[in-house]
Amino acid sequence: VQLQASGGGLVQAGDSLRLSCAASGRAFGIYVMAWFRQAPGKEREFVSFISRGGGGVAYADSVKGRFAISRDNAKNTVCLQMNSLKPGDTAVYYCAASSLGTRAASQYGYWGQGTQVTVSS
């Protein structure tokens, strides 16, 4: 499966952004989809994942209550709605696909190219 992330940008603290990830290739619905992020000088960290059917989700504690993940299997897309953004959310955001519902980046075999999110104070 090929993944293409989009929707990043430069916003102010408190603003919202909606990231999208479009998938092509092998059947999208067989994959657990996730978002990770990587800030400069830091390791890639888990943000959220959503189960194949969309009924199960998980979030990092740092984004819980502010971010919401969703997917549309008919359109082969997964989105991350980010509200109440903070400067600490600044990072490159990556979408990823796995056969497992896990927070471990090493278990995701397919990655998008990343989209930059910058939150100014």
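**Exercise 1.** In this predicted model, find the closest cysteine sulfur to that of cysteine 79 and state why the two form no bond.

*Solution.* Start from the sulfur of cysteine 79: the closest cysteine sulfur belongs to cysteine 21, at 8.8 Å. A disulfide requires two cysteine sulfur atoms within 2.5 Å. The separation of 8.8 Å is therefore too far for a bond. As for its surroundings, cysteine 79 has a relative accessible area of 11% and is buried; the cut-off for buried is under 20%.

**Exercise 2.** Determine which cysteine forms a disulfide with cysteine 21, and which parts of the chain the pair ties together.

*Solution.* Apply the distance rule again: the count comes to one disulfide. The partner is cysteine 95, with 2.1 Å between the two sulfur atoms. Next, take the angle about the S-S bond, which is 60°, making the link right-handed. Then locate both ends: cysteine 21 is in strand β3 and cysteine 95 in strand β9 (residues 91-98), so the link ties together parts 74 residues apart in sequence. Finally, check exposure: cysteine 21 and cysteine 95 are both buried.

**Exercise 3.** Place strand β3 in its sheet and describe how β3 is joined to β8.

*Solution.* Write down the strand order first: β1-β3-β8-β7, an open sheet of four strands with antiparallel pairing. The edge strands, each pairing on one side only, are β1 (2-6) and β7 (67-72). On average, neighbouring strands of the sheet are turned by 15° against each other, direction ignored. Now look at β3 (residues 17-24) and β8 (residues 77-82): they run antiparallel and are joined by six bridges. Within β8, valine 78 stands opposite cysteine 21.

Notes:
Residues are numbered from 1 along each chain as its sequence is written. This is a predicted model: local features need pLDDT of at least 70, side-chain atom pairs count only at pLDDT 80 or more; totals for chains, interfaces and linings use all residues. Side-chain values use heavy atoms; hydrogens and water are left out. Two strands pair if DSSP finds at least two bridges between them. Helices (H or I, at least four residues) and strands (E, at least two) are DSSP runs, numbered from the N terminus. Axes are lines fitted to C-alpha atoms, for helices over the stretch in contact, and angles run from 0 to 180 degrees between N-to-C directions. Buried means under 20% relative accessible area, exposed over 50%, partly exposed in between (1.4 Å probe, protein chains only).
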